[in-house]
Amino acid sequence: MLEITRAYWALVTARETELVLGGALRSIDAHVSDLKTRLDQGLISPNDLLSAQAQRSRERVASIEAGAMRQTAEADLRRLIGGDGPIQPASIGPDQGASA
């Protein structure tokens, strides 16, 4: 039972990490777009844009890794509970607490 609980929370954590990194990726995409406009207007140097693009690449790698971690955690939980379909952990909102 402890192993199932650990696998469940690993999946919840992996999914949340993937969501957070997806948001960060959207944010950096908007920032890169803004910097491209500023570069076109001559307001910034190319290095500023290149730095943001490098950061975007790092965020993308982290996002890919998070997706792989989610898939692994999902497969691990599926193996432990003997399921073969998609697994949807229940959402616990801030007002529900751990006893939900």
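## Overall make-up

Helices here are DSSP runs of H or I with at least four residues, numbered from the N terminus. The model is predicted. By that assignment the protein chain has two helices and zero strands. Helix α1 covers residues 2-40, and helix α2 covers residues 46-81.

Of the 100 residues in the protein chain, 25% are buried. The protein chain exposes about 6900 Å², of which carbon and sulfur atoms supply 56%. Among contacts between residues at least 6 apart in sequence, 68% join residues at least 24 apart.

## Helix α1

Helix α1 has 39 residues and, at 1.5 Å a residue, should span 57 Å. Its end C-alpha atoms are 57 Å apart, which agrees with that expectation. The expected span is 1.5 Å times one less than the number of residues, so the count of 39 is not multiplied directly. Just after α1, glycine 42 takes a positive phi of about 80 degrees.

The buried residues of α1 are Ala7, Leu11, Val12, Ala14, Arg15, Leu21, Gly22, Leu25, Ile28, Val32 and Leu35. What covers them includes α2. Not every residue of α1 is buried: arginine 26, which is found in this helix, is exposed because its relative accessible area is 59% and the cut-off for exposed is over 50%. Glycine 23, also in α1, is partly exposed at 26%.

## Helix α2

The 36 residues of α2 should span 52 Å at 1.5 Å a residue. The end C-alpha atoms of α2 are 53 Å apart, in agreement with the expected span. Glycine 82 follows α2 and has a positive phi, near 75 degrees.

In α2 the buried residues are Leu49, Ala52, Glu59, Ser63, Ala66, Gly67, Arg70, Ala73, Glu74, Asp76 and Leu77. Their cover includes α1, just as the cover of the buried residues of α1 includes α2. Methionine 69 lies in α2 but counts as exposed, because its relative accessibility is 54% and exposed means over 50%.

## Cross-helix distances and a polar contact

Three C-alpha distances relate positions in α1 to residues far along the sequence. Glycine 23 and serine 63 are 40 residues apart along the chain, and their C-alpha atoms are separated by 9.9 Å. For arginine 26 and glutamate 59, the separation is 33 residues in sequence and 9.8 Å in space, C-alpha to C-alpha. Threonine 17 and methionine 69 are 52 residues apart in sequence, with 9.4 Å between their C-alpha atoms. Of the partners named here, Ser63 and Glu59 are among the buried residues of α2, whereas methionine 69 is exposed.

The side chains of arginine 15 and glutamate 74 are joined by a polar contact of 2.6 Å. Arginine 15 has its place in α1 and counts as buried because its relative accessibility is 17%, with buried meaning under 20%. Glu74 is also listed among the buried residues of α2.

## Nonpolar cores

In soluble globular proteins, nonpolar side chains tend to be buried together. The largest nonpolar core in this model has seven residues: Leu25, Ile28, Val32, Leu35, Ile44, Leu49 and Ala52. Helices α1 and α2 each supply at least two residues of this core. The most comes from α1, with four residues. A second, separate core has six residues, including Ala7, Leu11, Ala14 and Ile87.

Isoleucine 44 is one of the members of the largest core. Not counting residues up to four places away in sequence, isoleucine 44 touches Leu35, Arg38, Leu39 and Leu49. Among these, Leu35 and Leu49 belong to the largest core as well.

## Aromatic pair

A pair of aromatic rings is described by the distance of the centres and the angle of the planes. A search of the whole structure finds one aromatic pair. Its rings are those of tyrosine 8 and tryptophan 9, with centres 5.0 Å apart and planes at 85 degrees. The pair is edge-to-face because that angle is over 60 degrees.

Both residues are partly exposed, tyrosine 8 at 22% relative accessibility and tryptophan 9 with a relative accessible area of 41%.

How values were computed: Residues numbered from 1 in each chain as written. Predicted model: local features only at pLDDT ≥ 70, side-chain atom pairs only at ≥ 80, totals over all residues. Heavy atoms only, no water. Buried < 20%, exposed > 50% of the residue type's maximum accessible area, 1.4 Å probe, protein only. Polar contact = N/O pair within 3.5 Å; in protein donor to acceptor, adjacent residues only side chain to side chain. Core = buried A, V, L, I, M, F, W, Y, C linked by side-chain atoms within 4.5 Å. Contact = heavy atoms within 4.5 Å. Phe/Tyr/Trp six-rings, centres within 6.5 Å; stacked < 30°, edge-to-face > 60°. Areas by Shrake-Rupley, 256 points an atom, 1.4 Å probe, with all protein chains shown as cover.
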